[in-house]
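Dear colleague,

I am handing over the structure we spoke about, together with some notes on what turned up when it was examined. Please look through it at your own pace, and read the notes alongside it.

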Amino acid sequence: MSYASSDSSLDDSKSLSGASSTMYSTSPSFAVDEDDTFIDSSKASTRRRQGRQESQALLDFFARDRKVAWLRRLIYLAILLLGLGVALLVYFAIENEEKQAFENHFQEDATQVLQSFTLTIDLAFGALNTFALNIASFARATNQTWPNVTVPDFGAKAETTRALSKALYLGLYMNVQAEERNQWEAYTAENGRTWVQESLEFQKRQNLVQDQLANVGVSSMEDVMFWDVIFDYDEYEKPEEQWGEGGTNLTGPYLPFWQNSPMIPVEPPYNWDLYSWPGTGEVPQIFKDHNPIFSETYLIAEEHEAEVLEEIKASEPFHEAYIQTGEEALAPIFDLYYPIIPEMADWVQVPFDNGEYIPSDHRVGAIIVAASYWRDWIKGILPEGRDGVIITWTSPCAPSFTYQIDGPDVIYLGVGEGHEDKFSHMNVKATYKDLTSNAFNTQIYTGIPLSSDPICPFTLNLYPSTLMEEKFRSGRPLLFSILTIGLFMVAALALYAYDYHVEQRKRNLVETAEKTDAIVSNMLPANVRDILYHNVVDDESISNNDDDKGVHSMFKGSVIAELYPSATIVFADISRFTAWSSTREPTQVFHLLETVYASWDKIAYRYDVTKIETVGDCYVAVSGIPAAQEGHALAAARFARDIIAEWSDLATKLEVSLGPDTADLKVRIGIHSGQVTAGVLRGTMARYQLFGDTVNTCSRIQTSSDPGRIHVSTAAAELLLAKGKASWLRKRKGTVRLRGKGDVETYWLALKTTRRVVNGKRTSSESLGQMIMIEEHDGDIEEDTKSDSELEDWDNFGDLDEADASGDKVKRLVDWNANLLADLIKQILSARDLSLASDPTILTAREKTIGHGGTVLEEFKDIIEVSPGDAVDSEGSKDRNITQFDEIAIDQLRDFLSQVASMYQSNHFHNFEHASHVTSSVRKLLSRIVMVGNEIKDRSGHSYGITSDPLTQFVVVLSAVIHDCDHPGVPNATLVSENTDAAILYNGKSVAEQKSVDLCWGLLMEPSFAKLRSCIYHNEAELLRFRQLLVNIVMATDIADKELGALRKARWKVAFAEDSPDGTTAMADKNRKATIVLEHLIQASDVCHTMQHWHIFRKWNERLFFEMYLAYKQGRSLVDPRENWYESEIGFFNFYVIPLAKKLETCGVFGVSSHEYLEYATANKEQWILEGKACLEEYQKKFESEIGDGGDTSATNKKLHEMKKGKKEEV
């Protein structure tokens, strides 16, 4: 029969569920016996060599496909290169298409600009010809003699011509010979004011240039200055009172300015001599050949021409008078000169001879001058959206300049050729000759032809710009290239996916084989695994019978089983593990088992011991199976010794993370040797198992062992004796009764001092844990003369006595509590909103006032606010806030808890270990609160907001740590009856609880904990809420106060009634329920030992009895607990514990823990009813044997008590 099913005497602490065997990394530790050689690791080397061989076989398997793999890579590379080539062709083809479209667009715009410019020349000179012809005809019709000619309504007649020629202004310059000067000046004095008055009235009627006239201050004739003499600019060099008297000093001929439009008299409106202006080189040519002509461009100069620039700047007021507000006055401008020949009215067209114009001897009566900005000639040519045409004027007698045409608008770019060099090759050029010949070849113009040899010809150069080019640039080349590459990539990926699918199927087969091999190797010995691989059947051999579904025939051939005449089995059990696990979360339970079992697995590997399985907290291993070895008992003994030592180290380390009592757990081991049957049970969950009487006997040897000791059967001891290990054994006193075996003699495996190899160095150490040490000797086995009562007792194992109070255990408990509180402080910092106001001065002042001027109980509130608002949860705030919790704050937290631990008295029950036990329960219940999304919800879906408020969680845990600080070991009623100072101070109410709060609060407010306080709260609101939570939760631990109890009952009735009372808001209802949940959480944790495993209940119940009995023996209590202890415990279960457990379930926020607590409470009550009286008798005997009649009055304890008292007075 299998030990798993046949041995009913296994300890009840073993769970039926298997444990995971996750491997944890630990430092290597090898045991060395003083009389034995070092254990060689050649077997491990052999295994590693076999592993390398298997890996090489896999490499060889894949190497066979290397050529195919290279061919696949070449195909993928060819596809990618082809795709890249096609994509480049597509890119450049589309890019060239866009470039061609851009060039065509520019050519269209350039052609349109030049055609429009040519048309403007035609229209301008045609208009001037018509105007000149009209003036000549009018002079003849009215018998006026040149130059004394005045055209009535000149402004009205000139406006049409000015518009067609796009002129800024239009004026007549009369040809006056020297001998005609006096006559002319007299004529202007007689007729000048008349036409000026006429022009002003016309402009006013037509609302022309009224703004410009206003700008120069002319509103009527009185504002116009008249000089009836021919003058030049030298006139202004004379004294002002002589202006307009003598006129110019030039001897003639003269070209005095006469009628003009628009008439804006910035200066005297007529008689300024054009001949006096130095830039009139075109005028003599007009008198020579009678041809119209373009003047050179003016109002433009290079930057180095300072004098010219100064003259241009001086003329700015004159030109500003003729333009609209906002237009640039100092921009390139030119004049069109058109001669008026008095006899031209006789011709429809001037005479030509063989296509050439024949100058006549007729006199030029006057010259029409039309001044125009070049910008006006190129405005409005292109429609909206046709932007970016650059046009440059070049001329031999004037600086070059550039405009940019943007649709109907133009932009002056300045002096110089302002085009971009990259577009120089696209230049479209039009010379003066090209433009004028094109204009006059239209047969529209019938006037005097332009001069074929102008003094200052110009050339137009047109270029595109980046602005124009960008309109034709798009993402199409790149997009279509990417799409092309994408198509090839899709094709390549499709091919790769298919190839990958095929390859993956091959790899999956290999990986599945490797995983299967790894799983089977962990479950079965290597030789058994090889047999299974050899015998495994094909899929077709699986049964198709419906009755057989779920139970497959996995193997063929003979049954895999073998009889081993001699082997040694080891059972290692964690004593009282079930009781320990009842106070822990499932994750903590498995963390312990995984860590321990992983360590033991490494030790088993070291000694070539085969791990069979784990059943709950029992670890089963065998030496000599499946590979037989002569020294199997010796290997098993060494294995057992090492896991005892390893356990002591691990348990101590794990207590810091797993909490109280972890280091108190011990390993109980049994070893037995004999005949064993081993094999594989085929079917579902097949595994390697051991069968036979040896297995069952070993299980019973283990259950009859003591915690921390190795129990060895006679059969195993004889094998050790044969190996000369008599010094390892000590005969157990008396006999041990084993079920089915009767009374048998057994042995203890006594472990000597060992040397451990750690990180390559050997160090001596005393025995670890509770291993019994004896001196090495030769001869017979010594008999253990100790009585059973002298052996270690579980119920007293790990008690926190005075000697341990400042020792390692307290330090471990402090570290555990510190780690727990540190995690909660980090959550507080993560959720903290630093944008809320915080004044350190106000906060410090508020800290000094809290706790002064009243008692703690006076601060108690019926309902407390749990979660005031949503927490800030940004990643940036988390990282920024948590950095505040640095090493300084951590050290302050640990120091604070160490001082709190030192203020606990050396009571049997109300001590720091019990406070840590309560803290463990608080942590468990908090972790079990039901979470739905990010909210905590009860069964009705209402949020209580507890776990979304980390400050509340922190205070609950902190309250558990401090709630019994400096507890005197007697109830509050005793303190009141003794009329102690504390009872007087706190008015006889909740004396111990209020004192705990004041002591720990005063300690926390010390300057040395400033950093810690800043992490807990950072403004006054958080401080007040922290204080209120702490007061309410600690006060909830006083279950004897009738007033507080009545308030709790009334609050419970209101909160969990089916209908909430009228006027109760959802927030108030939430806070009321949260308050109740927190109170019941701390109350249940304070008596959690009554709702945990029976052994836990026994341990703390005994301690409470000791504490109360000691108070009675010392005269501090009038009640002898022996008289009613049995009955009072039953009443305590019936009227407090079980109702409290039921309320936990009613709250609906503690998940399965509420049901677990209720089940344990009910079971403990029933077991107490059965065994309580016997337990009470045992308590009394133990008390009398350990304490006697006066308690502990040793000098050491007195000194320790005085030290604690001094510390409390200091706080």
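Is C456 buried or exposed? With a relative accessibility of 4%, C456 counts as buried. Please keep in mind throughout that this is a predicted model, and that the values below are computed from it.

C456 is a good place to begin, since it takes part in a disulfide with C397, in which the two sulfur atoms lie 1.5 Å apart. A search of the whole structure finds one disulfide. C397 sits in the loop between β9 (387-395) and β10 (398-406), while C456 sits in the loop between α11 (432-440) and β13 (459-463), so the bond ties together parts that are 59 residues apart in sequence. C397, for its part, has a relative accessibility of 32% and therefore counts as partly exposed.

Two further cysteines deserve a word. The sulfur of C1000 has its closest cysteine sulfur in C965, at 3.7 Å, which is too far for a bond because a disulfide requires the two sulfur atoms to be within 2.5 Å. C1000 is buried, at 3% relative accessibility, and C1175 is buried as well, with a relative accessible area of 2%.

Turning to the interior, the largest nonpolar core is made up of 112 residues, and those with the most contacts inside it are F954 and F1026. The helix that gives the most to this core is α21, spanning residues 808-831, which supplies twelve residues. If neighbours within four places in sequence are left aside, F954 is in contact with L821, L824, I825, I828, I1016 and F1026. Apart from this core lies another one, of 91 residues, which includes I230, I264, L382 and F458.

On the surface, there is a nonpolar patch with about 1,100 Å² of accessible area together, formed by L74, L77, L80, L81, L84, L88, F92, I485, M489, L493, Y496 and Y500. The elements that give two or more residues to the patch are α3 (66-141) and α13 (476-523), and α3 gives the most, with seven residues. One of the patch residues, L88, lies in helix α3, and at 43% relative accessibility L88 counts as partly exposed.

With kind regards

Definitions and conventions
Residues numbered from 1 in each chain as written. Predicted model: local features only at pLDDT ≥ 70, side-chain atom pairs only at ≥ 80, totals over all residues. Heavy atoms only, no water. Core = buried A, V, L, I, M, F, W, Y, C linked by side-chain atoms within 4.5 Å. Buried < 20%, exposed > 50% of the residue type's maximum accessible area, 1.4 Å probe, protein only. Helix = DSSP H or I, 4+ residues; strand = E, 2+ residues; numbered from the N terminus. Contact = heavy atoms within 4.5 Å. Patch = residues over 30% accessible without salt bridge, like charges linked within 9 Å, V, L, I, M, F, W, Y side chains within 5 Å. Areas by Shrake-Rupley, 256 points an atom, 1.4 Å probe, with all protein chains shown as cover. Salt bridge = Lys/Arg side-chain N within 4 Å of Asp/Glu carboxyl O.
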